[in-house]
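Hi,

Here is the structure I said I would pass on. Have a look at it first, and then read on for what turned up.

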Amino acid sequence: MIRIAAVGDVHVDEDVVGRFRPALEELPEHADALLLAGDLTRHGSESEARCVAEEFGGLGVPVVTVLGNHDHQCDEVPQVVKVLEDAGITVLEGNGVVLDCGGHRLGIAGVKGFGGGFAGRCASDFGEPEMKAFVRTTTDSADQLAAALRGLDCDVLVALTHYAPVPDTLAGEPLEIYPFLGSYQLGQAIDSAPTALALHGHAHAGSERGTTPGGVRVRNVAHPVIKQAYSIFHLGNHTD
């Protein structure tokens, strides 16, 4: 059995440092790895990334993350990624990593993802260049996730995104903003491989549980949703 801890949307700044750490110090007793589903910072500054590194670095278990929309706000993504990676945190964007968890190989493929909406109520690659660019950003991200998932040689496969791959976990959010919270194309990417679990954040007022059309469990681990330092998922017996 592989034990995964996960949380997203922690929005760390100087005033948040220390809030999660007491629970995180106990992490090696409860989990084999920690996955962070984006929006690590408030505004994506290098200084905020250093706060994230202080809070989530050196935990005694591997930490793997994707970035979120907040982490892009200051246009300092390369600096943010470097700070995180220097702290031993693996940052994924269109690629994957395989971790050895007690003799079992855990594969994690990750992208930030993007909006676009869901089947029957989604944007299309038609019309103005701006709309085409919007939809193609989503398509490219989903294609990268699918390729990363299918390219991993592992025992258990997990998809990690910031944006939602299904509408189920958005329940509670205003319907009008669903197209800006996720995309059905991410769900299709997840279903293109033998994925065991999909984790995302972004939807602070959403719901915790959902399922892709192909039957993959989806969990919204945004901190405002789970209301704890992290949730634990056990892969191998299909319970959480």
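Let's begin at Leu24. Setting aside residues within four places of it in sequence, Leu24 is in contact with Leu34, Glu55, Phe56, Leu59 and Tyr230. One caution before going further: this is a predicted model.

Leu24 also belongs to a bigger story. The largest nonpolar core has 30 residues, and Leu24 is listed with Leu27, Leu34, Phe56 and Leu84 as having the most contacts inside it. Which elements feed this core with two or more residues each? They are strand 1 (2–7), strand 2 (33–37), helix 3 (46–56), helix 4 (77–86) and strand 4 (89–91). Helix 3 gives the largest share, five residues. There is a second, separate core as well, with 22 residues, including Leu35, Leu92, Cys101 and Leu199. As background, nonpolar side chains tend to be buried together in soluble globular proteins.

Now the sheets. One is an open sheet of five strands in the order 4-3-2-1-13, with mixed pairing. Strand 4 and strand 13 (231–235) are at its edges; each has a single partner strand, so one side of each has no neighbour in the sheet. On average, neighbouring strands here are turned by 25° against each other, direction ignored. If you zoom in on strand 3 (residues 63–66), you'll see that it runs parallel to strand 4, joined by three bridges. Val64 is the residue that stands opposite Thr90 in strand 4. Helix 4 lies across strand 3 and strand 4, at about 145° to strand 4.

The other sheet to look at is open too, with six strands in the order 5-6-9-10-12-11 and mixed pairing. Its edge strands are strand 5 (95–101) and strand 11 (209–211), which each pair on one side only. The twist from one strand to the next averages 25°. Helix 5 (residues 129–150) packs on this sheet and touches strand 5, strand 6 (104–111) and strand 9, with its direction at about 170° to that of strand 6.

Do strand 5 and strand 6 pair in the parallel or the antiparallel sense? Antiparallel, over seven bridges. Val97 has Ile108 in strand 6 as its bridge partner. The two strands, 5 and 6, form a hairpin with two residues between them, and Gly102 in the turn has a positive phi of about 60°. Strand 9 and strand 10 (residues 197–200), by contrast, pair in the parallel sense over three bridges. There, Val158 has Leu197 in strand 10 as its bridge partner.

Strand 9 (residues 156–161) also holds Thr161. Is Thr161 buried or exposed? Buried, because its relative accessible area is 2%, and the cut-off for buried is under 20%. Its side chain reaches the backbone oxygen of Tyr163 at 2.7 Å. Beyond its neighbours within four places in sequence, Thr161 is in contact with Ala37, Val66, Val111, Lys112, Leu145, Leu199, His200 and Gly201.

For another setting, try Gln188 in helix 6 (residues 184–191). Gln188 counts as partly exposed, because its relative accessibility is 49%. Its C-alpha atom is 8.0 Å from that of Pro213, which is 25 residues away along the chain.

Last, the record: an unreviewed UniProt entry lists residues 2–79 as "domain: Calcineurin-like phosphoesterase". In the model, that span is 29% helix and 19% strand, and its end C-alpha atoms lie 32 Å apart.

Conventions: Residues numbered from 1 in each chain as written. Predicted model: local features only at pLDDT ≥ 70, side-chain atom pairs only at ≥ 80, totals over all residues. Heavy atoms only, no water. Helix = DSSP H or I, 4+ residues; strand = E, 2+ residues; numbered from the N terminus. Buried < 20%, exposed > 50% of the residue type's maximum accessible area, 1.4 Å probe, protein only. Polar contact = N/O pair within 3.5 Å; in protein donor to acceptor, adjacent residues only side chain to side chain. Contact = heavy atoms within 4.5 Å. Pairing = 2+ DSSP bridges. Axes fitted to C-alpha atoms, helices over the stretch in contact; angles between N-to-C directions. UniProt positions renumbered as here; feature names shortened; annotations may be inferred. Core = buried A, V, L, I, M, F, W, Y, C linked by side-chain atoms within 4.5 Å.
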